[in-house]
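Hello,

Here is the structure I promised to pass on. My notes on it follow below, and I hope they help you find your way around.

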Amino acid sequence: MCGIVGYIGEQKAAPILLKGLQRLEYRGYDSAGIAVHDSVQINLVKCKGKVSNLQKRLEETPLVGNIGIGHTRWATHGPPNDENAHPHATANNEMVIIHNGIIENFDTLKKGLIQRGHTFQSDTDTEVLIHLVDDIKRNEEDITLFEAVRKALNEVVGAYAIVVMSRENPNQLIAAKKGSPLVIGIGKQEGEYFIASDATPIIEHTKNVVYLEDEEIAIVDRESGLQLRNIKNQEKTPYIQELKMQLEALEKGGYEHFMLKEIYEQPRSVRDSMRGRLNVNKGIVALGGIREYEQKLIQAKRIIIVACGTSWHAGLVGEYLFEDLARIPVEVEYASEFRYRNPIIAEDDVVIAISQSGETADTLAAIEMAKQRGATIIGICNVIGSTIPRTTHAGSYTHAGPEIGVASTKAFTAQVTVLTLMALSVAQGKGTIPHSRFQRLLIELDAVPEKIEKVLQLDDQIQYIADYYKNATNALYLGRGINFPVALEGALKLKEISYIHAEGYPAAEMKHGPIALIDENMPVVVIATQGASYDKIVSNVQEVKARKGKVIAVVTQGDEQVKALADHTIEIPEVDEVLMGLISVIPLQLLSYHVAVMRGCNVDQPRNLAKSVTVE
Ligand code: AGP
C-alpha cells in the first residue's frame, strides 16, 4: 500500500525523498507529499496525483533542509485529494506524520479529540494519530516526542508504519511499526539514516538496514544515532542486516515498462528460482530453506495453501502438482476467506503461504491463525526479509528479483517453479513418483527457461493479435487441468491492466453458464495444449465457434486440430503437462500487456491498485 520515506543527515533531504517516492510509487499513487525541516520550521508540499505532480510543485516551491519525510498514498480513508495527501500536520506544522496502514479506532479517537478542541483538515485516520500525539504533548509538560508517540500508539487499534517529525526536534525522526513494514537504512556518514516502507529507495544509499519488528519504535537522531524501544518502553537491540538487492534490478533497463521487463526476465528468474536446488546430473531436488521441515511435508495428511490474487493462482497450480506427484490432498484457500472462517486445522496439516511481497495483510493473518492452531507453516516469498518469511516456520524464497510492475508476472512463474521443486522433492521422499518420471521431469524443468525464451520470440505475433482485440469489452479465458489456474491468471492480468472485463473458467464449466455470453463480439482465449484432456478442450473450442465466438488458442507446437478451428493461434513449445503452466502463462501476460498499452493504460500503475496489499 502506501510508500513511506524519511531522511536525516547532512545531504539535502528533498531530492532524496523525491527519488525515494519515485522508487516507492508502485505501492500507491493517488497522491504524494513531502515535509522538510529547515531547522526553524517545517515546510510541506503535497498534492493529488502522481509523484511527477509533486515534483512540479517542488520546482515551484523548493523545500530546504536536511531532515524530512515523504509519502505516496493509496487511499483508504477519504478520496485522493490534496487535503487527504500525507504528510498530515498539526497547527502551524508543529508536528507532521506519514502513515501506512489503518487506524481502526480512529473514529472514537477523533470524537474525543474534537471534544478537546482539535480541528481536522482531512478525512484520514492518519491525521487523528498526529493530533493524538499532540494532545498527549499538550497535557504532559516536558514529555519527549518519543514518549508522546509511544503513548499514542498504546491507544491505537490497527496497523501502522509511521514516521513523525516535530518542529521542536530538528535532529530527530520517530518511526514505528505494527503490521505494516518499515526499514531503516544506516547511511555512510555518521548520523545519516534513511527510512522506508521497503528497501527499494534505500539501496542506492546504503546496504546496511534494520527491519523494525511489530510494536518497535525507532528514535533516529542525527546526534545520538539509532535507538530502538518497544511500545512498552523496553530497550531493543537493532539487528543490522546487509541487503543483497542490486540497484539495476530496480530500473527499467531500456524497457518501456517494468511489466515488460519483468515478463522478459522470466527465463532468468525461473532459472534463479531453481539455482542450487535442482541438479539434473545427480538427480537431486533440494530446497535448503525447508530441509528441517521436509519430513512434516512428507508426512502431511493435508496441505493447505493460503494466498491472494496471482499467488493464489500459483497455489492452484501447486494443488495439481502436490496431488499428482506427491499424492497429498491439497486445499487452496483465499487467505482473506480462510482467516475469517473457523477452518479445521490439524497439527499434521502443513500450511503453505505464498506471497510475492511477503507483506499481504490477509495472508499474514491466515498464517497467524494456522500457527495458533498448531499447523506447520511454510512460506514461499519473493521479498527477502519481508514479514511473511520472518513469521513462518520455514520457507523458500523465489529469487525472482524485485517485481515493480503492479501486475505480477515473474513472481507467478517463480512461485510455480518453487512449488514444482517442492512437490518433486516431497514426491521423491514419499516414493510416490517412479524414478524414470522423476528424472524426466528434472530434465524438462531444467529446460523450461529456454522454452520461455522461445515463447518470448512470439512477441510480435502476440502484439498483432492484441491489436485485433484491443477494443473488446469482455473476454473469457478457458483452460483445463493445470491450465485452468493459468486461465484465471490470464483473465486477472487482462482486467487489472487494461480494464477489460475478463473471466477465467475451467473449460467444461462454460456450458453451465458463461456460454450464454458468447457471440461474435466475445474473444475467448483457450489454452488448448497437448495433454490428457486435449480432446475435451477441442470440443470446447468447437462449442465456442458454433456460437460465433472469436477464439485465440494457445496450442502446442505442431497442433493442427485447434489451429483449424481458432481465429488466432499461438504455438508454444511442448513440455510435460505438469510443467505447462510455466510456459502457457507467458503469451497471456504478453497479450494483456500489449492490449493495455494499445488502450493507453498505465500498465505499471493501474488505477485503484497497489503492489503490496498491507490492509485487509
Ligand atoms: C497480481 O497481478 C496482483 N497484483 C495481486 O493479485 C497480487 O498477486 C496479490 O495482491 C497478492 O500479493 P502477494 O503475492 O504480494 O501476497
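**Where domain 2 meets domain 3**

About 2,500 Å² is buried between domain 2 and domain 3, with 71% of it on carbon and sulfur atoms (buried area is the accessible area, 1.4 Å probe, that two parts lose on being put together, summed over both). This is a predicted model, where local features need pLDDT of at least 70 and side-chain atom pairs pLDDT 80 or more, while totals for chains, interfaces and linings use all residues. Residues are numbered from 1 along each chain as its sequence is written, and side-chain values use heavy atoms, leaving out hydrogens and water.

The domain assignment, automatic or from a database, gives domain 1 (3–249), domain 2 (251–446) and domain 3 (453–603). The centres of domain 2 and domain 3, taken over C-alpha atoms, are 25 Å apart. Domain 2 puts 31 residues into the contact and domain 3 puts in 26 residues (contact means heavy atoms within 4.5 Å).

Across this interface there are 2 salt bridges (a side-chain nitrogen of Lys or Arg within 4 Å of a carboxyl oxygen of Asp or Glu). Arg440 and Asp576 form a salt bridge, with their closest N and O atoms 3.1 Å apart. On the domain 2 side, helix 9 (309–326) is one of the elements giving two or more residues, and helix 9 provides the largest share, 9 residues (helices are DSSP runs of H or I, at least four residues, and strands runs of E, at least two, numbered from the N terminus).

Enjoy exploring!
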